[in-house]
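Biologist: I should like to examine this protein with you, beginning with its charged side chains. Please show me the sequence and the structure.

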Amino acid sequence: MLRCPNLPLLPEYSFNDKVGQSQFHKSHHFDVKDVAYLSDKEKPGIVSRYPAIYARGECPTVPAWIAYDRQVLKFNAYFQEMIQEVAGYNHIVRKCFIYFFLEDGTIKVIEPKVPNSGIPQGCLMSRQRLRHPHTDDFYDIIDLNVGKTVEFHGRVFKITDCDKFTRTFLNRLGIPVPERLEAPFDPYTQRLEAPFDPYTRHGSLNEDSFPKKPHVLEKAPLRKLADFDRKVLNFSAYWDDRETQFGQLHLLQVRYYLADDTVEVKDVTDKDHSFLLMHRDKLPKEYRGTPITPGDDRPLSGTVLNVVNTQFTHDRLSACAGDKTHPSSSAVKTHQPPSAADYYKDCDLTLGAVINVYGRKVVLIDCDNFTKQFYKVKYSIDDFTPVQRPQTDGELAERESRLREPAALPPYNGFGTHEDSAINCRTVFPFPPIKNYKQFYEKDKVGYDSHVLRFSARLLSNKPDDSIRSFILSFYLSDDTISVYEVTGENSGFKGGMLISRRKILKPGEMLFSSQPPQSYGVHDLFVGSELELEVFKFQLTSADEYALHYMEKRSNEFPKSNASVIVSKLREAVRPIYKDFVAKHLIDQRIPILTFRQFKDALKSVMGDCITEHEILTLARHYATEDQTDPVPSDVLRSVIQCELKRLLFNSFERVEESFRYRDPDSTGFVSKETAYCVLRGCRLPLDVTIINILLDKCSCGEGGQVSWAQIMNCLDYKTNPANNIQPVNIPQFMSYMARQKQLTARHIDFVQMEKLINDLNLEKNLSQQVS
């Protein structure tokens, strides 16, 4: 049990240090390896192995597999691999990444895959704990650093660099990380990047590497495949087949593969059911029809004979001498293969061009960005204006449906919702109503941004008992629903709780059983001072929380009542005739003083009357309010939290802290820089959270140039000479997060308003001077 020496030894004044512990056996000091020997057994994990890097009480108590979950150190390294029977070099340099997992001390080595390298790459060593080759210990965090050499399973790795997270993590542990080292060049890669040598046939091939005469040294036959592999020209096209019976307009995608000059055509008229019109193959420019096959009904002017020669080669000969114009006659008799000029090339494909796809006239109308860049570089074409195409049957039908007036729906019969009944009337196959998913994704809860506007409301009723009831009205922006919750008052006699569950609420006077959908309350109907009739209850909104007011002011173009510029313009027109009397009424001793919120509200009401709402007055008051000097963390609360934390962790070395401050303040001015004070507190192993220390330094900053009074710091820390009020131990991160958000979640109370600033923004003084002159 741990207890504070300043507290009595009574129940509830001591703390059980074994809360959360699951194993209660005593730790032993004897380990059995080859022989039994006395050893100082260390607990596994990085935190317990190096406790000196943490201040007292700051060392995490959670296990390493929780504290360092998904935290990995990444190092860049390389190793040399010897090769044989290669002229010019005897090794290659292979670069890889070394990953060190902080949760369990395992190591993983991965070599990035290089295309066409010819080497099996990827995961070289799976995740495992690796032993040091010269000792029996495993590799740990102190063994990995930039410039060090490590050996894993016989391979020697040289670490050259690390990522930003690794460098920051090691520096916080007190481990210096050297600068980045340059890895040596790979002889094989350097050899490939060198210019091509035609005699040794080493180096890279490019246009300048070949001689002017092509017969001296021809290009490699697979060079085009290597240069243009996975590079495709993509065109949008159409094929108009409406002249035939049951024909239609087909939308196509024409893909030209630069690696082998092949073409693929795909029909995308129906986006859900696309299919290949032509598989990938070379596309001939001239289509002469299909060859004559058995069963063809076309008339023949000659005679076709199948003759087997003496070598049994199964050649088919055609004796069509009587008809030399027959398409099969010349093709079979000459046996000439088609030349490369008979197929479509990239130079034949341009926007507006008509290509022959086996008898189908396909018009190219558009292309993607890669195709435009390719033609711009190779052929210097800059005009890529898309070609207009006719509309498909589906597009024409959709256009006619938009122009056609929608059919009137029958009146709502009361079964289901209005949207559900409308769908049943429009289609034979009913389906659930389609929600507005765009609104849901944009305005659903994201972290602390709830997208819920909350207003305080009171019930408008003739009963006196209802005047003391308090309600909270919540409007959900994701689906425009409203819920009303009654706050239980002390000795009010009302049970409280949910009054109206979350749902859409219709406006009063809407016709439910009609053809048109009824209107429901929206976000623009809710503002401070508005009256809402929600089913059988009538409410008046009296105020709003800070989130709702801030949300509407941030989007002032959507909410005119939260737009200060619009309200000032409306006030300017109302004050213009009586501007002189308006200023003289608030003028005291030749100046306009700061008004209270009640005085500011009465002044605006006296000028505009009912033309200005409560929400607009509140918007102007928030806009011209005095600076808010409220502190989210009061000094007495902060002092109590700090002293409670120091007592709980048994820290009492205040003389050492004061001695360090005096050493850093040789002139005895009582002030040190903020950075010096931070170093002193951290150097003295003060068991406080960094956030608490920074807030303490901000509160004690009272000197010039950001100086900090170390005497105030000591008064706040020393619970022996300056004790604070005792409080229960709190969770420091949760406490600071709560105190930081408390100011944002609570509506800012407006006490005083700068009336002089509002009058200056009216900009009527100049007009008054011109009228007087």
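Biologist: Which class of exposure does E535 fall into?

Modeller: This is a predicted model, in which local features need pLDDT of at least 70 and side-chain atom pairs count only at pLDDT 80 or more, while totals for chains, interfaces and linings use all residues. Residues are numbered from 1 along each chain as its sequence is written, and side-chain values use heavy atoms, with hydrogens and water left out. Buried means under 20% relative accessible area, exposed means over 50%, and partly exposed lies in between (1.4 Å probe, protein chains only). The relative accessible area of E535 is 41%, so this residue is partly exposed.

Biologist: Which side chain meets that of E535 in a salt bridge?

Modeller: A salt bridge requires a side-chain nitrogen of Lys or Arg within 4 Å of a carboxyl oxygen of Asp or Glu. Side chains of opposite charge can pair when their charged atoms come close. For E535 the N to O distance is 2.8 Å, and the partner is R503.

Biologist: How many residues apart in sequence are the parts that R503 and E535 tie together?

Modeller: Helices (H or I, at least four residues) and strands (E, at least two) are DSSP runs, numbered from the N terminus. R503 belongs to strand β22 (residues 497-503), whereas E535 is in the loop between β23 (531-534) and β24 (537-544). R503 is also partly exposed, at 30% relative accessible area. The parts joined by the pair are therefore separated in sequence by 32 residues.

Biologist: In which loop do D525 and K507 lie?

Modeller: The side chains of D525 and K507 meet in a salt bridge, with 3.3 Å from N to O. D525 is partly exposed at 23% relative accessibility, and K507 is partly exposed at 29%. The two residues are 18 apart, and each lies in the loop between β22 and β23.

Biologist: What distance separates the closest N and O atoms of E103 and R127?

Modeller: E103 sits in the loop between β6 (91-101) and β7 (106-111), and R127 in strand β8 (residues 122-128), 24 residues away. E103 is partly exposed with a relative accessible area of 22%, and R127 is partly exposed with 36%. Their salt bridge brings the closest N and O atoms to 2.9 Å.

Biologist: How many salt bridges does the count come to?

Modeller: The pairs discussed above, including E103 with R127, are part of a longer list. By the stated rule, the count is 31.

Biologist: Let us turn to the sheet. Which strands stand at the edges?

Modeller: Two strands pair if DSSP finds at least two bridges between them. Six strands form an open sheet in the order β14-β13-β12-β11-β18-β17, with antiparallel pairing. Each edge strand has a single partner strand, so one side of each is left without a neighbour in the sheet; these strands are β14 (275-281) and β17.

Biologist: Which residue in β18 is the bridge partner of S236?

Modeller: Strand β11 (residues 232-240) pairs with strand β18 (residues 360-367) in the antiparallel sense, over five bridges. Within β18, the bridge partner of S236 is D366.

Biologist: Which residue takes a positive phi in the hairpin of β17 and β18?

Modeller: Strand β17 (residues 354-357) runs antiparallel to β18 and is joined to β18 by four bridges; in this pairing I355 stands opposite V362. The hairpin has two residues between the strands, and the one with a positive phi, near 50°, is Y358.

Biologist: Which residue in β13 is the bridge partner of Y256?

Modeller: Strand β12 (residues 249-257) and strand β13 (residues 262-267) run antiparallel and are joined by six bridges. In β13, the partner of Y256 is V263.

Biologist: At what angle do the axes of α12 and α15 cross?

Modeller: Axes are lines fitted to C-alpha atoms, for helices over the stretch in contact (heavy atoms within 4.5 Å), and angles run from 0 to 180 degrees between N-to-C directions. Residues A564, I567, V568 and K570 in α12 meet E616, T619, L620 and H623 in α15. The axes of α12 (residues 564-575) and α15 (residues 614-623) come within 10 Å and cross at roughly 110°.

Biologist: What does that make α12 relative to α15?

Modeller: Angles under 35 degrees count as roughly parallel, over 145 as roughly antiparallel, 65 to 115 as roughly perpendicular, and the rest as oblique. The crossing is at roughly 110°. That makes the two helices roughly perpendicular.
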